[in-house]
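Please open the model in a viewer and keep the selection panel at hand. The tour below proceeds stop by stop, naming what to select and what is found there.

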Amino acid sequence: MEFKIDATSKGARACTIKTANSTILTPVFMPVGTQGTVKALDATDLLKMGAKIILGNTYHLYLRPGSKIIKKLGGLHGFSKFSNSFLTDSGGFQAFSLSDNSKPDENGIMFKSHIDGSKHYFTPKSVLDTQYELNSDIMMILDDLVALPNTDERINKSIERTTKWAKEAISYHMEQKSKGIGTHQNIFAIIQGGTSKEFRKLSATQLCALEDFDGFAIGGLSVGEPNQDMYDTVEWTTQFMPINKPRYLMGVGTPEDLIENIERGIDMFDCVMPTRNARNGTLFTSFGRLNIKKAQFKEDILPIDEECSCFTCKNFTRAYLNHLLRAGEITYFRLASIHNIFYYLNLMNQARVAILENKWQEFKNEFYAKRAK
């Protein structure tokens, strides 16, 4: 991986990340393709929109169709036909979100498949072996994620496990690379610690001391804590992260969350929100959210967002989207998802331009001013 900082404006950074499969300009939003596809879209849709990296999930792809099948069929790139970069999450979040079916211990996470109830055990090494077969460009290590709020004892245990697993993972990865395995794949560690400054500093300093990692993520946020607590935690944590490596905030979030955290030094984001909200009728616009199912849009000839140049906005009206959703037509999911993903990608492009021109504060002020109209 090549990484360089192109410009800064206030705390915001515009960077360039080069992987084996694409050049990624930050700030960047990664559409979530849990099963090797972004819901309702295909690779052509994403490539036309300019997506340079999407996220796949190790847990789900390990269970179905299986990483060995994906390897046999060309890895994630050949299998899905998305030729740009993939980042694969390790499965730690799924262990958290499916906690009724999982149980962590000192060496890994035992879980029952949500598909057939079969038992599986993830370790720091096994999740990397799966990701080698998936052939993703960026691999996340196994971490121990906890819900918030939680006890100091449990959060401290999470940090201990995450650091222990990170050491095992980076040692194993360097060993595999010496054997010619995963030589073009990059590996990120995940900082934990809840919303405690003491715990975040502890986790960040322990992990960032492991210099062979290619980048670092902040995990364990947007799991129930107030937004301001998230922002404060990110602002506190980034000071302990290397300046010369990518910073990734996992599972975040709304357009407002992205703007606030870009200002706090974050380069990379992912979230299911644009596609999930699209399917439920909520569309993101330059002027805030729009519930397309409302009766007021039944005869509205405007596009979703008059400032948007996506395929959907250039070709279809709010009235048509309103009709498709009310009629339960599958076409709605594609057109709405195209718009929301395009909106997120375009917002990141606009943010980057503002940083390059050292006009971050003006851009942020305008972003919020439009929402206040």
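**Stop 1: strand β6 and its partners**

Begin by selecting Ile53 and Ser85, which stand opposite each other, Ser85 being in β6. The model is a predicted one. Extend the selection to strand β5 (residues 53-57) and β6, and a parallel pairing over five bridges appears. Next, add strand β10 (residues 138-140), which also pairs with β6 in the parallel sense, here over two bridges. Within that pairing, Met139 of β10 is the bridge partner of Thr88.

Now keep β6 alone and display its side chains. In a regular strand, side chains alternate between the two faces of the sheet. Here Ser85, Leu87 and Asp89 point one way, while Phe86 and Thr88 point the other way. Is β6 enclosed or open to the outside? Five of the five residues in this strand (residues 85-89) are buried, so β6 is largely enclosed by the rest of the structure.

**Stop 2: the annotated active site**

Select Asp89 and Asp270, the positions that an unreviewed UniProt entry lists under "active site". These two span 182 residues in sequence, yet their C-alpha atoms are no more than 10.6 Å apart, so they gather at one spot. Both Asp89 and Asp270 belong to the lining of the largest pocket.

Centre the view on Asp89, which is found in strand β6. Its relative accessibility is 8%, so Asp89 counts as buried, the cut-off being under 20%. Beyond residues up to four places away in sequence, Asp89 touches Gly56, Asn57, Thr58, Gln94, Gln131, Met140 and Met250.

Move on to Asp270, in strand β14 (residues 268-271). Asp270 likewise counts as buried, at 8% relative accessibility. Which side chain makes a polar contact with the side chain of Asp270? It is that of Tyr248, at 2.6 Å. Leaving aside neighbours within four places in sequence, the residues in contact with Asp270 include Phe29, Met30, Val32 and Leu55, as well as Tyr248, Leu249, Met250, Gly251, Val252 and Gly253. Met250 is thus found among the contacts of Asp89 and among those of Asp270.

**Stop 3: the annotated binding site**

Select Cys308, Cys310, Cys313 and His339, which UniProt lists for "binding site" in an unreviewed entry. They span 32 residues in sequence, but no two of their C-alpha atoms are more than 8.3 Å apart, so they gather at one spot.

Cys308 lies in the loop between β16 (288-291) and α12 (311-315), and is buried with a relative accessible area of 13%. Outside its neighbours within four places in sequence, Cys308 is in contact with Cys313, His339 and Phe342. Cys313 lies in helix α12 and is buried as well, with a relative accessible area of 9%. Not counting residues up to four places away in sequence, Cys313 touches Pro303, Ile304, Asp305, Cys308 and His339.

**Stop 4: a three-stranded open sheet**

Finish with β7, β8 and β9, which form an open sheet in the order β7-β8-β9 with antiparallel pairing. The edge strands are β7 (102-104) and β9 (119-122), each pairing on one side only. Neighbouring strands of this sheet are turned by 15 degrees against each other on average, direction ignored. Strand β8 (residues 109-112) is joined to β9 by four bridges. For a last selection, take Lys112 and Lys119, which stand opposite each other, Lys119 being in β9.

Terms used. Residues are numbered from 1 along each chain as its sequence is written. This is a predicted model: local features need pLDDT of at least 70, side-chain atom pairs count only at pLDDT 80 or more; totals for chains, interfaces and linings use all residues. Side-chain values use heavy atoms; hydrogens and water are left out. Buried means under 20% relative accessible area, exposed over 50%, partly exposed in between (1.4 Å probe, protein chains only). Two strands pair if DSSP finds at least two bridges between them. Axes are lines fitted to C-alpha atoms, for helices over the stretch in contact, and angles run from 0 to 180 degrees between N-to-C directions. UniProt positions are given in the numbering used here, feature names are shortened, and annotations may be inferred rather than shown by experiment. Contact means heavy atoms within 4.5 Å. On a 1 Å grid over the protein atoms alone, a cavity is a set of points where a 1.4 Å probe fits but cannot get out, and a pocket is an open set with protein on both sides within 12 Å along at least five of seven lines; lining residues have an atom within 4 Å of a point. A polar contact is a pair of N or O atoms within 3.5 Å; within protein, one must be able to donate a hydrogen and the other to accept it, and residues adjacent in sequence count only if both atoms are side-chain atoms.
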